[in-house]
Amino acid sequence: MIAQLSSREKTLVIGVGTVVFLFVNFFVIDYIRKNKTTLDLDLSRQTAQLRAIKARSSEKEKWEQRETWLTAKQPKLVNDDSAGVQLLERVKEVARKHDATLENPSIRVAARRPDVTAISVDVDVKSPWKGLIAFLNELQQPDQFVVLEKTNLKIDTADQTRMHGKFTIAKWYAAK
């Protein structure tokens, strides 16, 4: 059939064939490039997941020991109301010990989360800097399960040698 075409027609057929070939190649190459990028991202994600799994499995014994310690040491919540009062009393006791003045104490409603139940108190604390550090240090010992959920700390405007902090102090109990 090509033998019956004139030289002009042959040139036109070759030109059109070349353009079609280039368009097809462009779309095929673009498709391959996009898929390669997607596959490279998937490979890097899965490689990172594999590294994380290997790291966790190599530290499995350590995490099991921590879980055992946590299960043994973390207190169980018996009564929401008495737990709030006990936490507030503990905060007052530690504050007296470290020359910290508590103002506006209030007990919050228990916050139930999947991993813990948090009993919180809001307090304003005025104290010298060293006393405040000692107060917070004693409150947050690892076996106490007491955390600062919110803090706002400033120099007291009335007495520049004292700090004024607004804290939400929570005790974390084991989830039921």
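Analyst: Let's start with a term: a residue is buried under 20% relative accessible area, exposed over 50%, and partly exposed in between. Keep in mind that this is a predicted model.

User: Okay, why is V24 called partly exposed?

Analyst: The relative accessible area of V24 is 47%. That value falls between the 20% and 50% cut-offs, so V24 counts as partly exposed. V24 sits in helix α1, and it belongs to a nonpolar surface patch of about 680 Å². Its partners there are L12, V16, V20, V28, Y31 and I32.

User: What makes D30 and K34 a salt bridge?

Analyst: The N to O distance between their side chains is 3.4 Å. The cut-off is 4 Å, so the pair qualifies. Both residues are in helix α1, which spans residues 7-58, and they are 4 residues apart, about one turn of the helix. As for K34, its relative accessible area is 48%, so it's partly exposed.

User: How do you know that R45 forms a salt bridge with D42?

Analyst: By the same kind of check: their closest N and O atoms are 3.0 Å apart, and the limit is 4 Å. R45 and D42 are also both in helix α1, 3 residues apart, about one turn of the helix. D42 has a relative accessible area of 30%, so "partly exposed" fits.

User: Why does the E103 and K126 pair tie together parts that are apart in sequence?

Analyst: First, the bridge itself: N to O is 3.9 Å, which is within the 4 Å limit. E103 lies in strand β1 (residues 101-107) and K126 in strand β3 (residues 116-128), so the bridge ties together parts 23 residues apart in sequence.

User: And are E103 and K126 buried or partly exposed?

Analyst: E103 comes in at 28% and K126 at 21%. Buried would need a value under 20%, so both are partly exposed.

User: How many salt bridges does the structure hold?

Analyst: There are 12. Some form a network, which links R90, E93, K97 and E138.

User: What makes up the largest nonpolar core?

Analyst: It has 17 residues, and those with the most contacts inside it include V91, F135, L139 and I169. To belong, a residue has to be buried, meaning under 20%, and joined through side-chain atoms within 4.5 Å. The elements giving two or more residues are α3, β3, α4 and β5, with α3 supplying the largest share, 5 residues.

User: Which residues does V91 touch?

Analyst: Leaving out residues up to four places away in sequence, V91 touches L102, V121, F135, L139 and I169.

Methods: Residues are numbered from 1 along each chain as its sequence is written. This is a predicted model: local features need pLDDT of at least 70, side-chain atom pairs count only at pLDDT 80 or more; totals for chains, interfaces and linings use all residues. Side-chain values use heavy atoms; hydrogens and water are left out. Buried means under 20% relative accessible area, exposed over 50%, partly exposed in between (1.4 Å probe, protein chains only). Patches are made of residues with over 30% relative accessible area and no salt bridge: like charges are joined within 9 Å, nonpolar side chains (Val, Leu, Ile, Met, Phe, Trp, Tyr) within 5 Å. Accessible areas come from the Shrake-Rupley method with a 1.4 Å probe; for residues, only the protein chains shown count as cover. Contact means heavy atoms within 4.5 Å.
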